[in-house]
Protein chains: 2
Amino acid sequence: MKKTYLFTPGPTQIPPEVVLAEASPMIHHRTSEFSDIFANVSENLKYVFQTKDGEVFTFASSGTGGMEACVANTLSRGDKAIVVSGGKFGERWAQICGTYGVNTVKIEVENGKAVDPAVVNDTIEKEQDAKVVFTTLSETSTGVIHNIEAIAKVVKGRNLLLAVDGISGIGVQPFKMDDWGIDIAVTGSQKGFMLPPGLAFVCVAQSAWDSIEKSDLPKYYWNLKKMRKALSSKTTAYTPAISLIMAAGKSIEIIRSEGIEKVWARHAKLAHATREGIKALGLELFANDAAGNVLTSVKIPKGVNFDAGIKKLRDETGVTIAGGQDELKGKIFRVGHMGYVNEFDIVLAISAVEKILHEGGYKVELGKGVSRVQEILVG
Amino acid sequence: MKKTYLFTPGPTQIPPEVVLAEASPMIHHRTSEFSDIFANVSENLKYVFQTKDGEVFTFASSGTGGMEACVANTLSRGDKAIVVSGGKFGERWAQICGTYGVNTVKIEVENGKAVDPAVVNDTIEKEQDAKVVFTTLSETSTGVIHNIEAIAKVVKGRNLLLAVDGISGIGVQPFKMDDWGIDIAVTGSQKGFMLPPGLAFVCVAQSAWDSIEKSDLPKYYWNLKKMRKALSSKTTAYTPAISLIMAAGKSIEIIRSEGIEKVWARHAKLAHATREGIKALGLELFANDAAGNVLTSVKIPKGVNFDAGIKKLRDETGVTIAGGQDELKGKIFRVGHMGYVNEFDIVLAISAVEKILHEGGYKVELGKGVSRVQEILVG
């Protein structure tokens, strides 16, 4: 009896009521029926981004498409940008900027560490002509949370924008578009939003429109000015991913009825329990001080072929844990705990980790991890 | 008792078994389980495009995104392109080319007419330095089918590529990538593929790769070289729209088991019956000689507020017929008959048209249209 459980840092589990909404009869997108659904989704998205003055635009695309929209709309030919690069996804900002010929200054951050806001400050001082700072809320490849609130303070009052990749972070880790003063942020549907992949949400503050109006980088599908015009008529510029938007109507309603602060607190508690369970097994966390609510990254102990264990676990039980990516492959594993996750899921996740370790020949006292999780979550 | 029936030219009805596949438990996309599903979808897509040597790339996006991928990958800075513009979607090629600073020569075609391949020939003769001809198989805004086979003959043997927007046409109207010698073609999921919107399929023939390798227009998400590298590992460059791809696994299997020639023939028969039913009501077709299998466009008779009738019909019964777009708004209506459609659907569609006309005060002999449809499809 296999049962699918995703402890991957996206895609995540989808509540049955959201799946049902996704499976609703198809409707046409140029109708008042769709516009009402879409207007409601767009309004609820503002709540998740914690913005009153900003607008949220929904693209049929993966999160990366939304990142490209941020770059292609805020910058112009010959502009300079600062990129905080602390892993695969921070580096993606630099790659996208490079594609558009943007003069890109990278702040390299060691894998597993968060950027020091003072270094961002120094870089801005040095690169006075930079137009945008691109950074990451939750670096999915390492589990690190960058201190966006502190970075925003550094950027504030200067003549440049702050763009945040919140793809695995928003809806999981505290994020406040208006209070912190973020200019543009992007997230994807397949993380804290409890949806299948296929939607990117781009939130634009009023402060970003000057740059967007001036931007001369080529974009058609990603054109935010066209999307803004469409949103004012409760629709999208091009055919929306209707079934995913129907699903979003339900999932964001679930988030809103729990309340965003409670959603963040639930994730914080579950993340804490996961870390404690891992430590009780004698394993070492990868992103120790810099870890957040989204996922727990763990150093693979010497002598254990953990990736083989992940595959065996998935094939035999349907439980999926993630390995490391690129240069971290074989060095870390990652337990995602975002979205449709409660205390019993964490018990299950840690019991799965125990199983992999045990079967991989690593000396583990079975039950020690799950007991620690129980103490924290039930005790 | 409202029942949803979509006779819109996209999105279209989705078979229940496809909806069930879409609602399958979410799986992670970097697994052999997903790769096997995706490899099967990609292989079956080649069948629908009728290609052996080409490759089909699946983007999480609307069809317009796939069109942008065609432009951004085949052209380079300062290149010249020829665009056949015979409606909203032909014009979209010109808009996208314009966005990228491509020197665009337009062949303007009257709304409701197909382009004359001799005119394409003359334009190519005149514009010897053009690199790509962009054209449309099925112009969704008017119901016109352009003769792609004949245009391909004109382009063949010359030093330029033929790019086809097959968004509402492929899987409905005959289309043969290899036999006709198309270099690059795009379609969307929400038409003949019987899927929700959210996927664009871009088919690239071997003949297009030289231009793609050389192309220097900026693209990150739309980068076909990266997609090709990913496809060789049975995956996509960025997170795929997993639930839609699961659905595609089922829907393209349905197409394949019916057989593409039979799919085309079914649509041809249903389209013919629709046109005859419309004519029996005394209405005039808009794209008479140039009409195809995809949709039937009809001139709205004087004095009837047909758009109000469409809205009333939808609100009261759940049956959706489409009006005209942009400058054709209020002048034509469109009955889509593509994808998950059989003879009884056409009876229903024509009975709905009769109802709108009757309620709109137009003198119509009730039953005359559906009788004609019966004669053709049952007789």
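**Exercise 1.** In which helix of chain A is the place of A:S251? Work out also whether A:S251 counts as buried or exposed.

*Solution.* The structure is a predicted model, and the first step is to find the residue along its chain. A:S251 has its place in helix α10 of chain A, which covers residues 242-258. The next step is to look at accessibility: buried means under 20% relative accessible area, and because A:S251 has a relative accessibility of 0%, it counts as buried. As a last step, set aside the neighbours within four places in sequence; A:S251 is then in contact with A:V18, A:F193, A:M194 and A:L195.

**Exercise 2.** Explain why strand β8 of chain B is largely enclosed by the rest of the structure, and find the strands to which bridges join it.

*Solution.* Begin with the count for β8(B), residues 161-165: 5 of its 5 residues are buried, and therefore the strand is largely enclosed by the rest of the structure. Then take the faces one by one, remembering that in a regular strand the side chains alternate between the two faces of the sheet. On one side of β8(B) are B:L161, B:A163 and B:D165, on the other are B:L162 and B:V164, and all of them are buried, which leaves both faces covered. Turning to the partners, strand β5 of chain B (residues 130-136) runs parallel to β8(B) and is joined to it by 5 bridges, with B:V133 having B:L162 as its bridge partner. Strand β9 of chain B (residues 184-188) also runs parallel to β8(B), joined by 3 bridges, and here B:V164 stands opposite B:A185.

**Exercise 3.** Describe how the rings of B:W93 and B:F134 are placed, and then do the same for the rings of B:Y221 and B:Y238.

*Solution.* Over all chains, a search of the whole structure finds 29 aromatic pairs. For B:W93 and B:F134, the ring centres are 4.7 Å apart and the planes stand at 40 degrees, so this pair is tilted. Because B:W93 lies in helix α4 of chain B (residues 88-99) and B:F134 in strand β5 of chain B, the pair ties together parts that are 41 residues apart in sequence. Both B:W93 and B:F134 are buried. For B:Y221 and B:Y238, the centres are 5.9 Å apart with the planes at 15 degrees, so the pair is stacked. B:Y221 is in the loop between α8 and α9 of chain B, and B:Y238 in the loop between α9 and α10, 17 residues apart. Both B:Y221 and B:Y238 are buried. They also belong to one aromatic cluster, whose members include A:Y221, A:Y238 and B:W222.

Key. Residues numbered from 1 in each chain as written. Chains lettered and ligands numbered in written order. Predicted model: local features only at pLDDT ≥ 70, side-chain atom pairs only at ≥ 80, totals over all residues. Heavy atoms only, no water. Helix = DSSP H or I, 4+ residues; strand = E, 2+ residues; numbered from the N terminus. Buried < 20%, exposed > 50% of the residue type's maximum accessible area, 1.4 Å probe, protein only. Contact = heavy atoms within 4.5 Å. Pairing = 2+ DSSP bridges. Phe/Tyr/Trp six-rings, centres within 6.5 Å; stacked < 30°, edge-to-face > 60°.
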